[in-house]
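Me: I've got a protein to look at and I'm new to this. Could you go through it with me, one question at a time?

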Amino acid sequence: GGMTTENTTDAVGAAIDKTAMTKPATGTYYLKGPVTTSSSGWAVGAAEKITIIIDNLTAGDASLTVGGPITITAGGFVAFIVNGNITVASSVGGLYNLDTPTVEGVYVTSPTGTFATSLGDVGKQRLVGQGIFVAGSFLLQRDLASITQNNSTAAELFLYNPRLLVSMPDSMKDVPITWEEVAP
């Protein structure tokens, strides 16, 4: 079967809580950007499979800002497919010596889109991403100089999570996604 969207919303102006994305718990959501996820974070449950497609509102910005940690319990799935850029907020991260993922899932920008990590806040300098990250370019902005860890520690750590290929909804496995520029 093809991909169906249960929810289409103009998401401009408000941070999106995961609870708004889980009716039903498995679903594809089409949002008009810019979209920010809530700073309180998302914990995706083992039975939840959430795919969020973000397109632009007319000529506006189709971006996604990851405003809080996004974690997945084994078996769960979350994907953000963005016709534009993805930025991780400076408040999302952890201590330099922790390998615990703070951003999990599948993150895809458009071919010209950028995945940017922002300069981390105090105590949140290190960004650990686990999943699948695809972008036209990556802008790695984290810096551990203020805590003198740049020589020994990666400020960004990306871990591949092949389990997401297993837990991915069937509809995503056979649906090609292409972004087209349409003449006005």
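Here are some questions and answers about this predicted model.

Me: How much of the chain reaches a pLDDT of 70 or more?
Reply: pLDDT is the predictor's confidence in each residue, from 0 to 100. Averaged over the protein chain, it comes to 84. The share of residues that reach 70 or more is 82%.

Me: And which stretch has a pLDDT below 50?
Reply: Where pLDDT is low, the predicted coordinates shouldn't be read in detail. The stretch in question still has 14 contacts in the model beyond near neighbours in sequence, but go easy on it. You'll find it at residues 1-6.

Me: OK, what about the overall build: how many helices and strands are there?
Reply: The protein chain has 184 residues, and 45% of them count as buried. Among contacts between residues at least 6 apart in sequence, 67% join residues at least 24 apart. As for the count you asked for, it's two helices and 15 strands.

Me: Which strands sit at the edges of the open sheet?
Reply: Six strands make up this sheet, with parallel pairing, and their order is 2-4-7-10-12-14. An edge strand pairs on one side only. That gives you strand 2 (15-16) and strand 14 (137-139).

Me: Let's zoom in on strand 4. What is the bridge partner of Thr36 in strand 7?
Reply: Strand 4 covers residues 35-37 and strand 7 covers residues 64-66. The two run parallel and are joined by two bridges. Thr36 has as its partner in strand 7 the residue Thr65.

Me: Is Thr37 buried or exposed?
Reply: Thr37 belongs to strand 4 too. Leaving out residues up to four places away in sequence, its contacts include Ala15, Trp42, Leu64 and Phe80. Buried means under 20% relative accessible area, and Thr37 has 1%, so it's buried.

Me: How far is the backbone nitrogen of Gly67 from a polar atom of the Thr37 side chain?
Reply: Gly67 is also among the residues that Thr37 touches. A polar contact needs N or O atoms within 3.5 Å. Here the distance from the Gly67 backbone nitrogen to the polar side-chain atom of Thr37 is 2.9 Å.

Me: Now the rings. What kind of aromatic pair do Phe80 and Tyr107 form?
Reply: The structure holds nine aromatic pairs. In this one, the centres are 5.5 Å apart and the planes differ by 20 degrees. Planes under 30 degrees apart count as stacked, and that's the name for Phe80 and Tyr107: stacked.

Me: How many residues apart in sequence are the parts that this pair ties together?
Reply: Phe80 is buried at 1% relative accessible area, and Tyr107 is buried at 0%. Phe80 lies in strand 9 (residues 77-82), while Tyr107 lies in strand 11 (residues 103-108). So the pair ties together parts that are apart in sequence by 27 residues.

Me: And which kind of pair do Phe138 and Phe158 make?
Reply: Phe138 is in strand 14 and Phe158 is in strand 15 (residues 156-160), 20 residues apart. Both are partly exposed, Phe138 at 38% and Phe158 at 32%. Their ring centres are 6.1 Å apart with the planes at 70 degrees, so the pair is edge-to-face.

Me: Last one: which residues form the aromatic cluster?
Reply: You've already met Phe80 and Tyr107 as a stacked pair, and Phe138 and Phe158 as an edge-to-face one. These four are among the members of one cluster. The full list is Trp42, Phe80, Tyr107, Phe115, Phe133, Phe138 and Phe158.

Notes: Residues numbered from 1 in each chain as written. Predicted model: local features only at pLDDT ≥ 70, side-chain atom pairs only at ≥ 80, totals over all residues. Heavy atoms only, no water. Contact = heavy atoms within 4.5 Å. Pairing = 2+ DSSP bridges. Helix = DSSP H or I, 4+ residues; strand = E, 2+ residues; numbered from the N terminus. Buried < 20%, exposed > 50% of the residue type's maximum accessible area, 1.4 Å probe, protein only. Polar contact = N/O pair within 3.5 Å; in protein donor to acceptor, adjacent residues only side chain to side chain. Phe/Tyr/Trp six-rings, centres within 6.5 Å; stacked < 30°, edge-to-face > 60°.
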